[in-house]
Amino acid sequence: MSHQYHSMRASQKTDYLIVWLYAILVAIGIFCIFMVEYNPNEDIVQSFLSGKTNYSRQLFFTGLCIIAATFILLSDSKIFTAFANLFYAFGILLMLATFVIGDNINGSKSWIRLGGGFNLQPAELCKIFTALALAKFLSNQETDFTKLKSQAIGAAIALIPAVLSIAQQETGLALVYASFFMVMYREGLPSIILIVGFSFAALVIATLLLEPNTLALILTALALCIIYILRKQIKKQKKILTYIIVIWAVCVGIQRFAVPYLFNNVLKCYQSTRVYSMVGKDYDCSQNKHTIANPTKAVRKPDDYNVRQSKIAIGSGGLLGKGVLKGTQTRGKYVPEQHTDFIFTSLGEAFGFVGCFTFLMIYLLLLFRIVRIAERQRSTFSRVYAYSVVSILFFHITVNICMTIGLFPIIGIPLPLVSYGGSSLLTFTILIFILLRLDADRQMVLR
Amino acid sequence: MSVYHQSKSRVIQIIFVVIFAIITGQLVNLQIFSSKYRIMADNNAIYRKVIYPDRGIIFDRKQRAILENTIMYDLMVIPSDAKATDKIELCKLLNIDTAEYRKRIVTAIIKNTSVKSSVFEPLLSPELYAKLNENIYKFPGFILQERSIRNYPYNTAAAILGYLGEVDTAFLRKYRGEGYEMGDYTGLNGLERTYEKVLMGQRGIKRFIRDNRGRLQGSFEKGAFDTTAIAGRNLYTSIDIEVQQLAEKLLQNKIGSAVAINPKTGSVIAMATSPSYNPNSLIGSSRRRNFGKFLLDTARPLLNRAIKGQYPPGSTFKPLGGLVALDEGLITPTYGFNCFGAYVNCGKPVRCTHAGGGHASDLRRAIAYSCNSYFVHVFRMAVDNPAYANPQQGYLKWKEYMNTFGLGVPLGIDLPGEAKASIPDTSRYNKDFGGFARWKSCNILTLGIGQDRMTATPLQLANLMCIIANRGYYYTPHIVDSIENETIDDTAYLAKYRLKHEVTHVADSTYKIIQDGMEDVTIYGTASFLKVPGHKYCAKTGTAQNPHGKNHAVFTAFAPKDNPTIAISVVVENSGYGGTWAGPVATLLMEKYLNDTLTTASAKRAEEFSTIDLIPAAIKKWYYRKDSIRAVKEREKEKEMEQRHDIETDTTNNIKTTFDPEAEPNRKSDDDKRENNMIKQTPMLNNTNDKKKKKDSTLP
């Protein structure tokens, strides 16, 4: 197999639908950043080429990404399996290095300055390495993922970078690693974990919404109902009753102690405030451990300015939107961080519901396509990796869009391929193009 | 195993779809079902700027602008741009120190943020403007912004022209939907109020886009929703500003009013009230301070006495009394009454200046000699008219005449707040005399000589002169003759001023006799010492009894006799003789109007007259106290004294006096008491202790 022949085959087998979707999304991204930063007094062509505006920089990043993507497509797919663990180790090392040589940008010490005005966020790159490492681990023939030990190792691979991210004050990025549980679910993690996870989330939200005593009463009533319904089974098996009582006790415990502890002691004041404001409540910062520890910082009134302006921008778009460059919220810079985390608002304002829905469908098509690619792999490594990619994308899209429309507290994570930011764009490019490279070699069984 | 995995892949896909469906659902909720976000976005970003057109200009009868607009300049600052400014030099120009500069900048930032412009120094003087304009390039961040304000070039006619003021919430509620907003100005008094809609023009609205810090980013939708401002229309009035100025000058240092009307059209030539104020003191930044001062002033400079002051007309009413009897056919001009110096037919005598000599042998002489007996008798004849069943019916007929003459009803001049004054109803007398029809013409006989409960505003008195001058008709007095580009609405509004009111059916020859009588007043009667050079004029003096202090001097006149073009009434409160204190004002004004100038002698007399101080002592005392540092202490002491006095001596009086004797020097007691006094006093006109007053009260 000559090298030339190999590369030709790779390009032929590349899934061009994904490439097209990728290109469309990146183009939409640059266009949205342009809408945000548009200044009627400047010459458009010149400002696109000047490198001074964010959209021109994003264009430059796209160029870099195309080069990176080409390199990946031309590379040998065996590299990724061979070096997966090494990459992972390198990534962890980089993250640890940020504690020493990192710079403080936007309040989190997770960046390494590269010079020339460019910065690197190792936590972003670590997503790729974690995906590869997890794929490598699960594709190992010795790994039996039905066993608890394997499950624990899998979880550890995903959680180590997450813990490091939290240490770097990047809660948003840390949460992304939770998406690997979806991969593990696909690879044999019992469904009960997902169910418990969802139940826990529902309980936390219920705790926020309802009075503690009311919720306790509801839970008790629920438990009694279940006991009544299952009374015949309980007579046969006393164990069920014990289970129900234990579950009830855990629920009440979570609701009574764990959730308040989480908000008052683990999360910081602004984080708790954001979560509370999502359900339309005010969080009393004076109860927060972090504020009590630093009483010098004035307790600021809870402020949902970002979400409010974001919702106004999207909501005012209406069915068909206000039109390109006619969005008053965007033109007036009412939405903070609109070119990065809140990029979806410019789309919502300019193109309305129709635009948003079309945009979502592009994403959904991308996700479904990747799932389909995943399922057609013969190699476990490729499949696990594909699921990692789709999980990461899905998590980013969901959290980011839900945050802009007020369904999720504000967490600073970007919208894949669309938000401004070189690190983010490069990460997703590499993620997707490694997947394409692996898919091109799907006839081979990679280990 | 494969099936199991297949299902897991399905589950994952279902999760995708469910989450995307939730997102779509929220998008539908936000973008399609919630209209509030659109409104919120507009509130955020669209800045509506109201463009105020120039208000209309008000002209006098010789096309001189008496209320116009001038451009004044405010010095504005944008604090964030002003860092490089030459502070020291600017402070030197404005004559402030740098501490004050810093204070103002801080205030501006607090008020309006550092990126928006705020007023640094309002309403610059012309010299300061010139200096700043020259050097403004040295002060980046500072801008001179022009502002249109009202200007009264003659510093006069405050009560007629009125003033502008900021609208309040009550006003906004009342005129909802007329485009007023908080912070707008509207006419609050005078012509500014009455013709607000004409003067204000049509406001324009410009819409701008503003950013998150309130900076304007350009016009909204390229101005598609903007409306242009249309300037207010001008008013052409009948005021003669020079006559007006003279009237105000003559009334200086007095409390009173003068009204001059052109009887041929009902157009007001001058309408002065005193004390008054300089209308320019109620514009711009000094408005708030001065308005409060005027409002608290006990002499009430904001009160337009010409239409709100209510005075007993006294003897000036007599020709009207004659007219009623003539119109009812009760007397003829040759009717005479034998007066021996007092009217005694009703018990208590009503004294008369003259005695015997046939001074009331006919109507003309009775008017010339101002015979009390004659007009009391004529009034009784009207009330006891045999054509009516009882005196009450007769009185009602008489009252009807008064109302058609414009007494006891508001005339409808185009100024807000006109008083209707008083011609009492029968019910009032029923109450006074303790029951229905328990009174006769004898009980109310002094109505015939313009006393008792009868009051009239100076405007109404001038209007009475118009009726006599016109020989039986009048036009509703009005100030505005025409409006620029008159619309149908305007014509409808002005129509009532172009309507002739016929009030009597008395022959012109009879009117001539009344006019002759009034001319006699100026030849050998009470006004014989007053002349209008080059013109014959008719007049009637009055010295109105009033229960508080000295008599009010009243003087009504019209001129020239044969072709009257000015009818005038003057009231000077608490001064004395009508001829002495009100007469000169009237004759000088007529001279000014008819001859367009005053003779040297007249000018000298006017100068002298304007310096005469007739302000009641109580008011002077009030001013003195107000100015005095001891004011507070003194007032407290007095209060204590008064209280002690009340407790010691006046324990029977349960009715607390609710008025401030300083603020209302003319008032001796509360309303009921005052009316009782009037009833007690008026039938006995000579019931005064003061010797001098005794003389006054004999009604010349």
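## Close-up views of a predicted two-chain model

In strand 19 of chain B, B:A553 stands opposite B:V572 in strand 20 of chain B. That pair is a good place to start a tour of this model, which is predicted.

**Figure 1. Strand 19 and strand 20 of chain B run side by side in the antiparallel sense.** Strand 19 covers residues 552-559 and strand 20 covers residues 566-572, and 7 bridges pair the two. They belong to an open sheet of 5 strands in chain B, and if you read across that sheet the order is 12-11-20-19-18. The pairing in this sheet is antiparallel. Which strands stand at the edges? They are strand 12 (267-274) and strand 18 (538-544) of chain B, and each of them pairs on one side only. From one strand to the next, the twist averages 5°. Strands of a sheet pair through backbone hydrogen bonds, either parallel or antiparallel.

**Figure 2. Helix 18 of chain B lies across three strands of chain B: strand 11, strand 19 and strand 20.** This helix is made of residues 458-470, while strand 11 spans 256-262. Compare the helix with strand 20 of chain B, and you will find it running at about 145° to that strand.

**Figure 3. Two cis peptide bonds in chain B each lead into a proline.** One of them joins B:S274 and B:P275, with omega about 0°. B:P275 is found in the loop between strand 12 and helix 11 (287-296) of chain B. The other joins B:A559 and B:P560, and here omega is about -15°. Look for B:P560 in the loop between strand 19 and strand 20 of chain B.

**Figure 4. Another open sheet of chain B has 3 strands, in the order 1-8-9.** Here too the pairing is antiparallel. Strand 1 (46-51) and strand 9 (216-219) of chain B stand at the edges with a single partner strand each, so one side of each has no neighbour in the sheet. How are neighbouring strands of this sheet turned against each other? The average is 40°, with direction ignored. Strand 8 (residues 204-210) of chain B is joined to strand 9 of chain B by 3 bridges. In this pair, B:I209 stands opposite B:G218 in strand 9 of chain B.

**Figure 5. Helix 13 and helix 15 of chain B pack against each other at an angle of about 35°.** Two packed helices are described by the angle between their axes and the distance between the axes. For helix 13 (residues 318-327) and helix 15 (residues 372-383) of chain B, the axes are 9 Å apart. Helix 13 of chain B passes helix 15 of chain B in a left-handed crossing. Which residues meet here? From helix 13 of chain B come B:K318, B:G321, B:G322, B:V324 and B:A325, and they meet B:F375, B:V378, B:F379, B:M381 and B:A382 in helix 15 of chain B. By class, this contact has 7 nonpolar, 2 polar and 1 charged residues.

**Figure 6. Helix 16 and helix 18 of chain A pack at an angle of about 30°.** Their axes are 7 Å apart. The angle makes helix 16 of chain A roughly parallel to helix 18 of chain A. A:S310, A:A313 and A:I314 of helix 16 of chain A make the contact with A:T345, A:G348 and A:E349 of helix 18 of chain A. Sorted by class, the contact has 2 nonpolar, 3 polar and 1 charged residues.

**Figure 7. Chain A and chain B touch, with 33 residues of chain A in contact with 28 residues of chain B.** Several elements give two or more residues to the chain A side, including helix 9 (180-186), helix 16 (305-315) and helix 18 (343-375) of chain A. Which helix gives the most to this side? Helix 18 of chain A does, with 10 residues. The chain A side has 19 nonpolar, 9 polar and 5 charged residues.

**Figure 8. B:A157 and B:D596 have a positive phi although neither is a glycine.** Phi is about 60° for B:A157 and near 70° for B:D596. B:A157 lies in the loop between strand 5 (142-151) and helix 6 (158-161) of chain B, whereas B:D596 lies in the loop between helix 21 (578-595) and helix 22 (600-611) of chain B. Are these two residues buried or exposed? B:A157 is buried, with 29 other C-beta atoms within 10 Å, and B:D596 is exposed, with 11 other C-beta atoms within 10 Å.

Note on methods
Residues numbered from 1 in each chain as written. Chains lettered and ligands numbered in written order. Predicted model: local features only at pLDDT ≥ 70, side-chain atom pairs only at ≥ 80, totals over all residues. Axes fitted to C-alpha atoms, helices over the stretch in contact; angles between N-to-C directions. Helix = DSSP H or I, 4+ residues; strand = E, 2+ residues; numbered from the N terminus. Left-handed = near helix turned anticlockwise from the far one by under 90°. Contact = placed C-beta atoms within 7 Å. Nonpolar A, V, L, I, M, F, W, Y, C, P; charged D, E, K, R; others polar. Pairing = 2+ DSSP bridges. Parallel < 35°, antiparallel > 145°, perpendicular 65-115°, else oblique. Buried ≥ 20, exposed ≤ 12 C-beta atoms within 10 Å, placed from the backbone.
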